[in-house]
Amino acid sequence: MSDLTKKTAETAEPETAEAPAVPAVDPRLLVRERGFAGYLEEFARRLRGGELGSLPVVVGLIVIAVVFQLKNSSFLSADSLANIGVYTSGLGIMAVGIVFVLLLGEIDLSVGSVAGVGAAVWAVLSVTHGVNDWLAVLLAVAAGAAIGTLHGFFFAKIGVPAFVVTLAGFLGWSGLQIWLMGKEGSINTPSGSVVENLTGYYFEDKAAAYGLALVAVLAYAGSLLWEARRRRAAALPSRPASEIALRTGVVAVLAFAVAYVLNEPDGARGLPLALVLFLAVLVLADFVVRRTSYGRQIFAVGGNAEAARRAGINVNRIRVTVFAVSGMLAAFGGLFIASLSGGATKNLGAGNTLMNVIAAAVIGGTSLFGGRGKIWSALLGMLVIQSIQQGLNLLGMASEIQYMITGAVLLAAVVIDSLSRRTQKTAGRT
Amino acid sequence: MMSVSATPVLALRKVSKRFGAVQALTDVTLEIHPGEVVALVGDNGAGKSTLVKTISGVHPVDDGTIEWEGAPVRIAKPHDAQELGVATVYQDLALCDNLDVVANLYLGNELRGAGVLDEIAMEKRAKELLDTLSIRIPSVRIPVAALSGGQRQVVAIARALIGEPKVVILDEPTAALGVEQTAQVLDLVERLRERNLGTILISHNMADVQAVADRVAVLRLGRNNGVFDVADTSHEEIIAAITGASDNAVTRRRARTEQVRKEEAR
């Protein structure tokens, strides 16, 4: 896995009689030993090699924030930022599913419709048929997983291109959604229901946001320190204390800044439940992708399916389950959308939902070509998209302008991905 | 020949394989002893790849027996071969470019602690393995795409050793490599012998074969066409066996007596 942050350096021994094919001292190897200056150099070298990582999207977010703040001073207000946070959650959870699919080098065009079906299943079961609310939520998510499994089956076992399977799904499932919603075409979320609380509930106690920030920072620092200790014990190169301190510092500043904005200013409502759930999905998915065999196998299949097959990986199982994950998260995200819009409707998840979700994953830095990407790109990309929408809304821009700007940003992200891929090819890195 | 134990680790006895109307292999016999490098040579279409695939379980044999350490076994699927301890390194490498060296070495065999990838143990063992094989790569944490062709090939071979196999099959390991890189791979083949592994080396390159192989098994038109000791066989004799120029009573007799001698030795 080409995890930018985890590249370890070896203490290079000078080679005397070795071939020129193996450079005696690779510049990569010296970074650890040279502290901070080494990192800057390493960073510059990566940029030249086309390994942009999250840099474009972070720069983009800063530019967006500055531009909109200059145009309208309420962009960075608590209300506006909390709005961005809440609106990011539902689509962001769907984008996490898309990241899984993109890591395979495939695409899932059905997530919008599946979100609609998920919301419709919940609404019909819970509101129309009086099924237990929690059970209805569970069944809606399970329906999404089942739909994804079906897509995966057609793709993996029968060999229909994922593009076509999910395009058919896109049409078919929105048909199912309309049928489920029946004549009225919309079912409002009852007040106090689980789904209403998904985006409607805020932890008003200030301790919640600060506590979560503290827990996040401690967990992050703890995991870095623990890993560094284990690596030292195994006599492997480890992160220097200065790097751990720097990383922890950055995470702490971000976490507490967010907590502050959610808690303190006038009109702040506290920590939204939606954000907590989104973060939980992100952390869990990131763990699965980076720390488990299953995640490793997703990267392997995305990088070279034939190599993965020969290594004894059940490629079809990976493909089917990844589409199931995508469907499941799409349905879960659909419940958030229903919660935000006050109910399930015939055309929930239609329109630009699909494009926004895919755009978020790509803008965040996950490659369309498979095998490269991070779960966190769902968060970064969705922040970009929601910031643009929120900013344009504040400026009173019409939706046609929003569409055009979002389209341009998506195109820019894919251009960056393609160019960095080409630079990496010439620099011999993937 | 190197010191050779009495029982071959792997032996094919009169193995035949047919694809529809094509008789790909006819009564092929091959023995691999521990600590021995057997080169498998032959013209295109001679059946080298088919033979290797019967051993690695891709194509089960139709006729004949495969013996593993003296006992007959059945290899019906790739998994069977892996279970026995046969590792195959394919010509087209089969590495994942986007994964780093450690991840590639352990792909499909990840070490886990409490269900989580144990990156530290994998990295440590990967380094140890590469060190014992004297493989020099810049870092075990760089993506395989950043390695040269020779480095990729040695990583692919090192990966075959993760499962502690007893027989390693190398399919054209030096094709498409430069001079220096070829030397690197051949060094590694010698180290496989030092580790007492049986190695089957498929190659078109007679220089490579003569550099590292102990014996050369020639296939021609799906049949055995002689097994030669590299030490006392000339380049020309092997070429003659490959092309069929030596297909005459004398060589056939020699192959036969060799076979008899083997059987007696057993």
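This report walks through a predicted model, starting with chain B as a whole and ending with a few backbone oddities.

## Chain B overall

Chain B is built from nine helices and 12 strands. Along the principal axes, its C-alpha atoms take up a box of roughly 60 × 40 × 40 Å. The radius of gyration is 19 Å, and a compact globule of 266 residues would come out near 18 Å, so chain B agrees with that expectation. Of the 266 residues in chain B, 48% are buried. If you take the contacts in chain B between residues at least 6 apart in sequence, 68% of them join residues at least 24 apart.

## A strand covered on both faces

Let's start with strand β3 of chain B, residues 37-42. Is this strand enclosed or open to the outside? Six of its six residues are buried, so the strand is largely enclosed by the rest of the structure. Both of its faces are covered: one carries B:Val37, B:Ala39 and B:Val41, while the other carries B:Val38, B:Leu40 and B:Gly42.

Two strands pair with β3(B). One is β10 of chain B (residues 198-202), parallel to β3(B) and joined to it over four bridges. Within that pairing, B:Leu40 has B:Ile202 as its bridge partner. The other is β11 of chain B (residues 215-220), also parallel, with five bridges to β3(B). Here B:Ala39 is matched with B:Val216.

A good residue to click on in this region is B:Leu201, which sits in strand β10 of chain B. B:Leu201 has 26 C-beta neighbours inside 10 Å; 20 are enough to count as buried, so B:Leu201 is classed that way. Setting aside neighbours within four places in sequence, its contacts include B:Val37, B:Ala39 and B:Leu40, and those three belong to β3(B). B:Leu201 also touches B:Leu170, B:Val189, B:Val212 and B:Ala213. As for B:Val89, it is 112 residues away from B:Leu201 in sequence, yet the C-alpha to C-alpha distance is 10.0 Å.

## The antiparallel sheet

Chain B also has an open sheet of four strands, in the order β2-β1-β4-β5, with antiparallel pairing. Which strands stand at the edges? They are β2 (22-32) and β5 (71-73) of chain B; each has a single partner strand, so one side of each is left without a neighbour in the sheet. From one strand to the next, the twist averages 30°.

Strands β1(B) and β2(B) run antiparallel and are joined by seven bridges. B:Lys17 is found opposite B:Leu25 of β2(B). Helix α1 of chain B (residues 48-56) packs on this sheet, touching β1 and β2 of chain B, and its direction makes about 65° with that of β2(B).

## Core and an enclosed helix

In soluble globular proteins, nonpolar side chains tend to be buried together. In this model the largest nonpolar core has 185 residues, and A:Ala95 and A:Trp122 have the most contacts inside it. Domain 1 (1-85 + 168-266) and domain 2 (95-164) of chain B both contribute residues to this core, so it lies between them. Beyond four places in sequence, A:Ala95 is in contact with A:Val357, A:Ala360, A:Ala361, A:Ala378, A:Gly381 and A:Met382.

Over in chain A, helix α11 (residues 293-303) has 10 of its 11 residues buried, so the helix is largely enclosed by the rest of the structure. Among the buried ones are A:Arg296, A:Gln297, A:Ile298 and A:Phe299, along with the glycines A:Gly295, A:Gly302 and A:Gly303.

## Two unusual phi angles

Most residues other than glycine have a negative phi. Two residues are worth a look on that score.

| Residue | Phi | Location |
|---|---|---|
| A:Ala235 | about 60° | loop between α8 (206-233) and α9 (241-263) of chain A |
| B:Lys14 | near 45° | strand β1 (residues 10-19) of chain B |

How exposed are they? A:Ala235 has 9 C-beta neighbours inside 10 Å, so it counts as exposed. B:Lys14 is partly exposed, with 14 other C-beta atoms within 10 Å. B:Lys14 sits in β1(B), one of the strands of the antiparallel sheet described above.

Terms used. Residues are numbered from 1 along each chain as its sequence is written. Chains are lettered from A and ligands numbered from 1 in the order in which they are written. This is a predicted model: local features need pLDDT of at least 70, side-chain atom pairs count only at pLDDT 80 or more; totals for chains, interfaces and linings use all residues. A residue is buried if 20 or more other C-beta atoms lie within 10 Å of its own, exposed if 12 or fewer, and partly exposed in between; C-beta atoms are placed from the backbone. Two strands pair if DSSP finds at least two bridges between them. Two residues are in contact if their C-beta atoms, placed from the backbone, lie within 7 Å. A nonpolar core is a set of buried Ala, Val, Leu, Ile, Met, Phe, Trp, Tyr and Cys residues joined through C-beta atoms within 7 Å. Domain bounds come from an automatic or database domain assignment. The radius of gyration is taken over C-alpha atoms; the globule rule is 2.2 Å times the number of residues to the power 0.38. Axes are lines fitted to C-alpha atoms, for helices over the stretch in contact, and angles run from 0 to 180 degrees between N-to-C directions.
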